[in-house]
Amino acid sequence: MPEGHTLHRLARLHQKRFGRAPVVVSSPQGRFADGAAAVNGQVFKRASAWGKHLFHHYDGGRVVHIHLGLYGTFTEAVTPLGLPVGQVRMRLVGAEYGTDLRGPTVCELLAEPEIADVVARLGPDPLRKDADPGLAWSRINKSRRTIGALLMDQSVIAGVGNVYRSELLFRHHIDPYRPGTHVGQDEFAAMWTDLVELMKVGVRRGKIVVVRPEHDHGAPSYGPGRPRTYVYRRAGEACRVCGATVRTAELEARNLFWCPDCQV
């Protein structure tokens, strides 16, 4: 599932390519036909993101709300676009570019005030200037759930996925099974500051970069074209820092990765 930096990159891209001009919106698949018809030909005012949620704002107060989920993707092309390929939920076409949305978990039409209902279910987004880390801290500090689970809870912090979760805990030497009530305020503050910087790098570079320069050597990354990680998808391999064997387990239905020696 794309993490928060991906949605912020998409918001910037769509703002640049479609913002402040009329656009053609359709639903070749048909599942978003009514919503597409409601904004077709309207001015695309702006795009915004909160965590893993993307919003397309139109004149007249209508908003298209998108959550990519596990399988959602946008594919971009210059105009004129060819015939749709596959199950295209929404096609958005501007003067020079178009984009096709396939497989999202959510693609729905909202009124502008309804965005507040979506955001009310989410924690602060580290990539937003209005983020209040105190809200996340208060939820963590009061919970006996593990910090590994809390970091993935979008109502605690919006936008963190499995990669940022695993890597952030490693970088701060925190056992993912430690209860939230046992995470110190200074520890959380350091993690938040680090997370903000890491996610900003993700927005700029379009990929998650978490390994410090002095450790960026040795075993290759977990996949072609991916930067190295400390623990994510490295189960059974040697820790880049201490040499211990990286472990994995399932935590609340998601795979967790950690070093048993570095994270105590």
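The exercises below, each with a worked solution, concern a predicted model.

**Exercise 1. The five-stranded sheet**

Give the strand order of the open sheet of five strands, and state which strands stand at its edges.

Solution. Start with the order, which is E1-E3-E4-E5-E9, with antiparallel pairing. Next, look at the edges: strand E1 (21-22) and strand E9 (106-111) each have a single partner strand, so one side of each is left without a neighbour in the sheet. Strands of a sheet pair through backbone hydrogen bonds, either parallel or antiparallel.

**Exercise 2. Bridges along the sheet**

Work through the pairs E3 with E4, E4 with E5 and E5 with E9, giving the number of bridges in each case.

Solution. Step one: strand E3 (residues 43-50) is joined to strand E4 (residues 53-58) by six bridges in the antiparallel sense. Arg46 has His57 of E4 as its bridge partner.

Step two: between E4 and E5 there are five bridges, again with antiparallel pairing. Here Val64 in E5 is the residue opposite His56. Three residues separate E4 and E5, which form a hairpin, and Gly60 in the turn has a positive phi of about 95°.

Step three: E5 and E9 run antiparallel and are joined by six bridges. Glu108 in E9 is the bridge partner of His65.

**Exercise 3. Burial of E5**

Decide how far strand E5 is enclosed by the rest of the structure.

Solution. A residue counts as buried when its relative accessible area is under 20%. Five of the six residues of E5 are buried, so E5 is largely enclosed by the rest of the structure.

**Exercise 4. Cysteines**

Count the disulfides, then examine Cys107 and Cys239.

Solution. A disulfide is a covalent bond between the sulfur atoms of two cysteines. The cut-off is a pair of cysteine sulfur atoms within 2.5 Å, and by this rule the count is zero disulfides. For Cys239, the nearest cysteine sulfur belongs to Cys262 and is 3.8 Å away, and Cys239 is in no disulfide. Cys239 is buried, with a relative accessible area of 5%. Cys107 is buried as well, at a relative accessible area of 12%.

**Exercise 5. Backbone angles in loops**

Describe the peptide bond from Thr79 to Pro80, then the phi values of Arg20 and Arg233, and place each residue in its loop.

Solution. The peptide bond from Thr79 to Pro80 is cis, and its omega is near 0°. Pro80 belongs to the loop between E6 and strand E7 (88-93).

Arg20 has a positive phi, near 65°, in a residue other than glycine. The loop that holds Arg20 runs between helix H1 (4-18) and E1. With a relative accessible area of 65%, Arg20 is exposed.

Arg233 also has a positive phi, near 55°, and is likewise a residue other than glycine. Its loop is the one between helix H7 (185-205) and strand E10 (247-251). Arg233 has 46% relative accessibility and counts as partly exposed.

**Exercise 6. A nonpolar surface patch**

Which residues form a nonpolar patch on the surface, together with about 370 Å² of accessible area?

Solution. The members are Met1, Leu70 and Tyr71. To place one of them, note that Leu70 lies in the loop between strand E5 (62-67) and strand E6 (73-78). The exposed cut-off is over 50% relative accessible area. Leu70 has 53% and is therefore exposed.

Definitions and conventions. Residues numbered from 1 in each chain as written. Predicted model: local features only at pLDDT ≥ 70, side-chain atom pairs only at ≥ 80, totals over all residues. Heavy atoms only, no water. Patch = residues over 30% accessible without salt bridge, like charges linked within 9 Å, V, L, I, M, F, W, Y side chains within 5 Å. Areas by Shrake-Rupley, 256 points an atom, 1.4 Å probe, with all protein chains shown as cover. Salt bridge = Lys/Arg side-chain N within 4 Å of Asp/Glu carboxyl O. Helix = DSSP H or I, 4+ residues; strand = E, 2+ residues; numbered from the N terminus. Buried < 20%, exposed > 50% of the residue type's maximum accessible area, 1.4 Å probe, protein only. Pairing = 2+ DSSP bridges.
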